[in-house]
Amino acid sequence: MAGSVKGYIGKQLRVDLTNRKFTVDQVDPKFLRKFIGGSGYGAKLLYDEVHAGVDPLGPQNKLVFSTSPLSLNRVPGGGSVIICFKSPATGGWGESRCGGDFGPDLKRSGFDFLVIEGRSHEPLYLAIDDGKPELRAAQHLVAKSVSEKSALMRRAFAHPKTSIATIGVGGENLVKFASVMVGHRAAGRGGAGAVMGSKNLLGIAVSGSQEVTVDDPDKLTSAISAALTVLKANGSTSSFRDFGTMGDMAGNDKSGDWPSKNWRSNSWGKGEELFEHFHGKNLVRNHGCYRGCPVACGRIVEVKSGIFKTPIHEGGEYETISAFTAFVMNDDVDVAVHCDYLCNEYGIDTISCGAMIAFAMECYENGVIDKIDTDGIELEWGNSEVLPEMVQLIAERKGIGDILADGVKLSSERLGGSSHEYAIQIKGLEGPAHDPRSGKALAVTYCTANRGMCHIHPVEGMAWDSGKIDWGMQEFGIPDPQKIDRWAEKGKGRVIKILQDGLAIPDVLSTCKFMMYCGLTLSHWAEILSALTGWDIDGAELLRIGERVNNLQRMINVREGFSRKDDRLPTRILQLPEFGKYKDEARCVINDIDGLLDEYYEARGWHRETGAPLEAKLKELELV
Ligand code: SF4
């Protein structure tokens, strides 16, 4: 029976914005054991319901807000929600995780899954309170910042545990890398905010007091307690708490894992200095992004004075600060913190935004665009003063910002000339702040990640071969990273297949992946999931689910026309860096990307030439 799986509410809400109609579906338990929730459930729903060729910004695209049984505040990492959609940035599979409490609060409102369909003719927001959904007029929210929208919506709710997700001006303007924001936490990559904007849905508020039934409460308490003990004892937990993700900046610069000047180098030499400024001058305190996080890696930051004075807010992630420093050769961290704040208020992805400005700077340097195109803005490397203005132009789609708002692939097609050489992307998604010239496993990750040039969904390859993290995956056949040469290539295609399947699991469970960096393993997740649902599930079964989900997402991409030809690293990244510590280090060069991909496809059971999953593999995974 539909609602019979414990740990789930058992219900999915569909919101048809075109007809202003709500449908409550019971969720099929067979479906749940195979795909669980998060990015797994979202992939199954989109595979079945959003057909090939659908316009990502048209009414037929769907936006799935997806939780799992682990979406509870007391589960480590349980505050997140995963949003799944066809990506306007890539035209393929889109998923994005957002921290905060939206996941558990969606469940409290009475639903495990929320599916947004159609398109409204006028701006609306959705309110769900204790199982009762309502669409409300949102004209008063138009053109407001993320904070203003959230505050205006919050006034209409008495419940103290109301979570609010909104888009910003970027989403309203269909910037292809617009975010969905929960406060200053972002579902940033891939353009979920543009999809929500295309539907004329400006916000979603969820609240309620509904509880799931737990199969074995004592077992759950002891599984959570065991997980918390592991987290407490792990050295990475205190590092994350004390230094946040910014704690990686100096080390990444030193190890050649810091893309600089639009990927012309993998190091800059200023990582330590920039981190010291951030930690000493911008950091106010650490912060847990959801109620109860045992790691609390989030940062509360500010710029105290000067022309880029910025109020106290949540931000200052490594990726963001890198995008507004090393990507564009800006050494003024205050400006980077300010740009982070602006991106969050406009609701646009910080990584893609910084990457677009770096791309524009290289176009400017090489005469593809000039001062007339930029309306007088001097887009020179390191010109920090222009960065906030560029963020604004992109979010508001004004001037040169209107071209850049379409992402680097489309922008370079429109600008022509030599700009394609500077368009660093895979499948249309701009690259983040990790460089495979520091550890070759990341080359495979980048080529084959279903959402495009992404380091973290599903796995950071270089964290294994260069960073020496194994996430407890040696029992599933990955070699001890301590014994691995970070620059070696052979064998890493096979390892990445296993790591992708394992590290997809936090996304499938809608939990925070950092818990695995701090010691949790597939077995810990399996124990918690079994206690909640009554399933007798173990780490090996989770690994299998991760494999199924990765294949299903690949099938979504394959039917949209993606193949091996799209699993390519930009040429620049295969070569020696142009400057910096590694400019003469021949081991940085990626010599045999084709060999790595051959290994990967073979391990996956995919066609060696097309990169499509073979029939036998799909049967084995019960996908056909
Ligand atoms: S570890 Fe950091 S990102 Fe993860 S849930 Fe906690 S505060 Fe949020």
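**Exercise 1. Find the glycine just after α16 and say which sign its phi has.**

Solution. Go to the end of helix α16, which spans residues 407-415. Just after this helix comes Gly-416, with a positive phi of about 65 degrees. Keep in mind that this is a predicted model.

**Exercise 2. Work out which residues of α16 are buried, and how they are arranged around the helix axis.**

Solution. Step one: take as buried any residue under 20% relative accessible area. In α16 that picks out Gly-407, Val-408, Ser-411 and Ser-412. Step two: look down the axis of α16; the buried residues fall within an arc of 150 degrees, so they line one face of the helix. Here is a handy rule for this step: an α-helix has 3.6 residues a turn, so residues three or four places apart point the same way. Step three: ask what this face meets. The buried residues of α16 pack against α13 (350-365), α15 (400-404), β16 and β17 (429-430).

**Exercise 3. Describe the second largest pocket: its volume, its lining and the share that α16 gives.**

Solution. Start with the space, which comes to about 570 Å³. Next, the lining: 29 residues take part, and the closest to the pocket centre are Lys-409, Gln-425, Ile-426, Lys-427 and Gly-428. Then sort by element. Two or more lining residues come from each of α16, β16 (425-426) and α24 (571-574). The largest share, 4 residues, belongs to α16. Finally, sort by chemistry: the lining holds 12 charged, 9 nonpolar and 8 polar residues.

**Exercise 4. Repeat the helix analysis for α4 (residues 146-154).**

Solution. First list the buried residues of α4, which are Val-146, Lys-149, Ser-150 and Met-153. Then view α4 down its axis: these residues fall within an arc of 95 degrees, so they line one face of the helix. Last, find the cover. Among the elements over the buried residues of α4 are the strands β7 (124-129), β9 (163-166), β10 (180-182) and β12 (201-207), along with the helices α5 (169-172) and α12 (333-346).

**Exercise 5. Show why strand β6 (residues 113-117) is largely enclosed, and find its partners.**

Solution. Count first: 5 of the 5 residues of β6 are buried, so the rest of the structure largely encloses this strand. Now take the faces in turn. Phe-113, Val-115 and Glu-117 are buried on one side of β6, while Leu-114 and Ile-116 are buried on the other. Then look for partners. Strand β1 (residues 11-16) pairs with β6 in the parallel sense over 5 bridges, and strand β3 (residues 63-66) pairs with β6 in the antiparallel sense over 4 bridges. Val-115 makes a good landmark: it is the bridge partner of Arg-14 and of Val-64.

**Exercise 6. Follow the pairing from β3 into β4 and on to β5.**

Solution. Begin at β3, which pairs with β4 in the antiparallel sense over 3 bridges. Val-64 has Cys-84 as its bridge partner in β4. Check burial next: in β4 (residues 81-86), 6 of its 6 residues are buried. One side carries Val-81, Ile-83 and Phe-85, and the other carries Ile-82, Cys-84 and Lys-86. Move on to strand β5 (residues 93-98), which pairs with β4 in the antiparallel sense over 6 bridges. Here Ile-83 stands opposite Ser-96. To finish, inspect the hairpin of β4 and β5: 6 residues lie between the strands, and Gly-91 takes a positive phi near 80 degrees.

Note on methods: Residues numbered from 1 in each chain as written. Predicted model: local features only at pLDDT ≥ 70, side-chain atom pairs only at ≥ 80, totals over all residues. Heavy atoms only, no water. 1 Å grid on protein atoms, 1.4 Å probe; cavity = no way out; pocket = protein on both sides within 12 Å on 5 of 7 lines; lining within 4 Å. Points joined across faces, edges and corners; volume = space filled by probe spheres on them. Nonpolar A, V, L, I, M, F, W, Y, C, P; charged D, E, K, R; others polar. Buried < 20%, exposed > 50% of the residue type's maximum accessible area, 1.4 Å probe, protein only. Pairing = 2+ DSSP bridges. Arc of directions from axis to C-beta. Contact = heavy atoms within 4.5 Å.
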